[in-house]
Amino acid sequence: MMDDFKKLKEAGYTPLALGGDSQSMWSGQAGWLVRVYADQYLRDYVNTVRSQEQDYTYLPEVDEKWKYDLSDPFNDANSNVTKNTIRQWKAVKDKEGPYKIAGNPKWKAYSENLKQLFQYVPDGFFGVKEDQAYKLFLTGKAATMMGTPASYWQLPKDFADSTKSGAQGGVKPFEYGFYNMPSMEGPEVLAPARTIQIPIGFYGFVAKDADQNALNADFMMYLTSPEGYKVYAEAIQNSKDAALSGAPALKDITLPDEMTKAFADFKPIGNTEGIDMPGNILARGLWDYQPSVQEWVGSVQKFFAGKITADEYLNQLQSNIDKNFEAALKEKKFDLSDLEHPDRRPPERK
């Protein structure tokens, strides 16, 4: 992909349409890439933070049968092995294994590879919002974009939407295809790339009287039944501006033929979301603690711009983590004293 991106850039196209403002770097698509690719190098984290037999988090029915297996992209799923959050915080403090950033060859290889990828984003990247990046793809100025299975249905609708493309009357549709995030390669890589791949979408009702609650339950039973969901799926397919985010996680339903064929092309490669591994809690600053995140945005901008080396960038990130550690710990309702006995359940704090 890097070879193709180089040719595309030389031909005058933006290879990768990606937003780079602070929101995208922290919680959006750029942040996804930062987390997803760190995962390839740091998958052995689970051996550091998995629950030990004496831990308050240990579940014998789960943890006794678990074995470390890098060939299984779902090996460290939360349903397969429990993790001890206190051991995780302790590993960050003690710079244990993959939780050590500065001077760690895995972190350096990952950062240098990531910088190569981010050389192919739009000009003025750190000022580009995600909707602006999307317009580059819709108008044919960018060759690829970050997407989800929803894009399969959304793109044809957005070609005709001038508010999405920025072109009066829409743009001329073009053929497009999809591929999974390609894996980074090199001696420090532990396993193939995984992605952010979880069911999303929630329904809720305000609790009222018993009669209304019963009606609400009846409606949900209908919506999630084969009959009701077929009505919903067909309405989405025929809509001018709506799309399914992915294959529904419902049993016994039947999708329209076109949707069934489309979702058959999306093969699961593993999930990194919802797992507190180093890429999720350290790669963009410390555990979503905002002072740390904002400091990281500044340093990663300098790194991607070539103003500092990979070693300097990682030293800055390590200093950032160390400086903000105690404040971030307290924000999560923990205390340094909790780390002395990771096997014990911390007291509840308000």
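Modeller: Let's fix one word first: buried means under 20% relative accessible area, exposed means over 50%, and partly exposed is in between, using a 1.4 Å probe and protein chains only. One caution about the source: this is a predicted model, where local features need pLDDT of at least 70 and side-chain atom pairs count only at pLDDT 80 or more, while totals for chains, interfaces and linings use all residues. Residues are numbered from 1 along each chain as its sequence is written, and side-chain values use heavy atoms, with hydrogens and water left out.

Biologist: Okay, why is R87 called buried?

Modeller: R87 has a relative accessible area of 16%, which is under the 20% limit, so it counts as buried.

Biologist: And where does R87 sit?

Modeller: In helix α6, residues 85–94. Helices here are DSSP runs of H or I with at least four residues, strands are runs of E with at least two, and both are numbered from the N terminus.

Biologist: What makes R87 and D55 a polar contact?

Modeller: Their side chains are joined at 2.7 Å. The rule asks for a pair of N or O atoms within 3.5 Å; within protein, one must be able to donate a hydrogen and the other to accept it, and residues adjacent in sequence count only if both atoms are side-chain atoms. So 2.7 Å fits inside the 3.5 Å limit.

Biologist: Which residues, beyond its sequence neighbours, is R87 in contact with?

Modeller: Leaving aside those within four places in sequence, the list is T48, V49, R50, Q52, Q54, D55 and P342. Contact means heavy atoms within 4.5 Å.

Biologist: What do the buried residues of α6 pack against?

Modeller: They pack against α4 (46–49), α14 (278–281) and α16 (310–331). The buried residues themselves are I86, R87, Q88, W89, A91 and V92.

Biologist: K90 is in α6 too. Is K90 buried or partly exposed?

Modeller: Partly exposed, because its relative accessible area is 30%, between the 20% and 50% limits. K90 touches L339 and P342, not counting residues up to four places away in sequence. The C-alpha atoms of K90 and H341 are separated by 9.7 Å, though their positions lie 251 residues apart along the chain.

Biologist: What happens at the two ends of α6?

Modeller: At its start, a side-chain oxygen of N84 reaches to within 2.9 Å of the backbone nitrogen of I86. After the helix comes K95, whose phi is positive, near 55 degrees.

Biologist: What makes K95 and D322 a salt bridge?

Modeller: A salt bridge needs a side-chain nitrogen of Lys or Arg within 4 Å of a carboxyl oxygen of Asp or Glu. The N to O distance here is 3.2 Å, so the pair passes. D322 lies in helix α16 and K95 in the loop between α6 and α7 (105–117), so the pair ties together parts that are 227 residues apart in sequence. D322 is partly exposed at 37%, and K95 is partly exposed at 31%.

Biologist: How many salt bridges does that rule give?

Modeller: The count comes to 15. One of them joins R194 and D39, with the closest N and O atoms 2.7 Å apart. R194 is in the loop between α10 (162–165) and α11, and D39 is in helix α3 (residues 29–41), so this pair ties together parts that are 155 residues apart in sequence.

Biologist: Why are R194 and D39 called buried?

Modeller: R194 has a relative accessible area of 1% and D39 has 0%, so both fall under the 20% limit. D39, D76 and R194 are linked in a network of salt bridges.

Biologist: How do you know that the span of helix α11 agrees with what is expected?

Modeller: The expected span is 1.5 Å times one less than the number of residues. For the 14 residues of α11 (210–223) that should be 20 Å, and the end C-alpha atoms are 20 Å apart, which agrees. At its start, a side-chain oxygen of D209 reaches to within 3.1 Å of the backbone nitrogen of D211.

Biologist: F219 is found in α11. Why is F219 called partly exposed?

Modeller: Its relative accessible area is 43%, between 20% and 50%, so the label fits.
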